[in-house]
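Me: Could you take a close look at one part of this model for me, a helix and the way its neighbours pack on it? Walk me through it in one go, and keep it casual.

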Amino acid sequence: ILALWAQSRPLLALAGIYAAWALYAVATGLIVPLWQHLIAVTVPVGLRGRLFGYIGFFARILAWLLLMGSPWLLRTLPYPWGWVSLFGGACLGTTLSLFIFMRLKEPAVARVPKAVRIRHYLQALPRLLKTDPALRAFLTYRAASSLVAVGTQALVTVRAQNLLGRTESEV
C-alpha cells in the first residue's frame with residue numbers, strides 16, 4: 001500500500017514506512033528474547049554455533065539470490081508494482097516464519113529459573129561479557145550480520161535506483 005502511495009502521497013508513504021519500521025523493531029524486541037530462550041532449551045549447547053552458522057549461511061545465500069533477481073523483477077513489473085512485489089514477498093516470508101515460530105512447543109523445563117530484576121541483570125552483563133568468550137563471539141556475529149543486512153538493503157536500493165534511472169526521492 002505504501003509503495004502505491006509513493007507517487008501521489010510521498011510524505012504519507014514515508015511516514016508509513018517509518019511507522020512500520022518502528023513497529024517491526026518493537027515486535028522484534030519482544031520476540032527475540034523468547035526465541036533465544038527457545039533456542040536455549042531446545043538446541044544442545046554444542047550445536048548452537050553450528051545452527052547459527054547454517055542459518056546465517058543460508059540466509060546470506062538467499063539474500064544474494066534475491067539481490068540478483070530483484071533487478072529483473074523491477075524491470076518486468078511496472079512501477080510501483082515491482083516494489084510492491086519485493087516488499088510483499090519479504091512481508092510474506094516474515095509472516096510465515098512467525099507462524100512457524102508460534103507453532104513451536106517448548107519442552108518441559110525441570111526447574112523454573114528464579115526471576116532476576118532487570119537492574120541486576122544489566123549490572124551483571126559487563127562481567128559476563130568479560131568471562132564468556134562464546135557470548136562475545138555470538139554478539140560479534142550478530143553485529144556483523146546486522147551490518148551485512150543493512151548493507152544488502154542499501155545495495156538493493158542503489159541497484160534498483162541505477163537500473164530504473166530514478167532519483168533518491170523516487171526510491
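Reply: Let's start where helix H3 (residues 45-76) meets helix H4 (residues 81-103): their axes come within 7 Å and cross at roughly 140 degrees. This is a predicted model, by the way, so read every value here as computed from predicted coordinates. Angles over 145 degrees would count as roughly antiparallel, and H3 and H4 are therefore oblique to each other. On the H3 side, the contact is made by Ser70, Leu73 and Leu74. H4 brings Gly82, Trp83, Ser85 and Leu86 to it. Sort the residues of this H3 and H4 contact by type and you get four nonpolar, three polar and no charged.

Ser70 deserves a stop of its own. It sits in helix H3, and because its relative accessibility is 5%, under the 20% cut-off, Ser70 counts as buried. Leaving aside residues up to four places away in sequence, Ser70 touches Leu86 and Val156. Leu86 is one of the H4 residues in the contact just described. Val156, on the other hand, belongs to helix H6 and is part of the contact of H3 with H6. Ser70 is listed in that contact too.

That takes us to H6. The axes of H3 and helix H6 (residues 133-164) come within 9 Å and cross at roughly 5 degrees. With the limit for this class at 35 degrees, that makes H3 roughly parallel to H6. The H3 residues involved are Phe52, Gly56, Arg60, Ala63, Leu67, Ser70, Pro71, Leu74 and Arg75. Facing them from H6 are Phe138, Tyr141, Ser145, Val148, Thr152, Leu155, Val156, Arg159, Ala160, Leu163 and Leu164. By type, the contact of H3 with H6 divides into 13 nonpolar, four polar and three charged residues. Leu74 of H3 turns up here and in the contact with H4.

Now for the other neighbour, helix H2 (residues 10-42). The axes of H2 and H3 come within 10 Å, crossing at roughly 130 degrees, and H2 and H3 are therefore oblique to each other. H2 supplies Trp35, Gln36, Ile39 and Ala40, while H3 supplies Arg48, Leu51 and Phe52. The split for the contact of H2 with H3 is five nonpolar, one polar and one charged. Phe52 appears in this contact and also in the one between H3 and H6.

While we're on H2, have a look at Leu38, which lies in that helix. Leu38 is buried, with a relative accessible area of 11%. Its C-alpha is 9.7 Å from that of Phe101, although Leu38 and Phe101 are 63 residues apart in sequence.

There are some aromatic rings to look at as well. Tyr54, Phe57 and Phe58 form one aromatic cluster, and the structure holds three aromatic pairs. One of them is Phe57 with Phe58, an edge-to-face pair at 5.2 Å centre to centre, with 70 degrees between the planes. The cut-off for that label is over 60 degrees. As for cover, Phe57 is partly exposed with a relative accessible area of 48%. Phe58, at 52% relative accessibility, counts as exposed, since the line between these two classes is drawn at 50%.

Finally, zooming out a bit: the protein has six helices and zero strands, giving the pattern α-α-α-α-α-α along the sequence. Buried residues make up 11% of its 171 residues; Ser70 and Leu38 are among the buried ones. The accessible surface of the protein comes to about 13300 Å², and 71% of that belongs to carbon and sulfur atoms. Of the contacts with a separation of 6 or more, 58% are between residues 24 or more positions apart.

Note on methods: Residues are numbered from 1 along each chain as its sequence is written. This is a predicted model: local features need pLDDT of at least 70, side-chain atom pairs count only at pLDDT 80 or more; totals for chains, interfaces and linings use all residues. Side-chain values use heavy atoms; hydrogens and water are left out. Axes are lines fitted to C-alpha atoms, for helices over the stretch in contact, and angles run from 0 to 180 degrees between N-to-C directions. Helices (H or I, at least four residues) and strands (E, at least two) are DSSP runs, numbered from the N terminus. Angles under 35 degrees count as roughly parallel, over 145 as roughly antiparallel, 65 to 115 as roughly perpendicular and the rest as oblique. Contact means heavy atoms within 4.5 Å. Ala, Val, Leu, Ile, Met, Phe, Trp, Tyr, Cys and Pro count as nonpolar, Asp, Glu, Lys and Arg as charged, and the others, Gly among them, as polar. Buried means under 20% relative accessible area, exposed over 50%, partly exposed in between (1.4 Å probe, protein chains only). Accessible areas come from the Shrake-Rupley method with a 1.4 Å probe; for residues, only the protein chains shown count as cover. Rings of Phe, Tyr and Trp (its six-membered ring) pair if their centres lie within 6.5 Å; planes under 30 degrees apart count as stacked, over 60 as edge-to-face and the rest as tilted.
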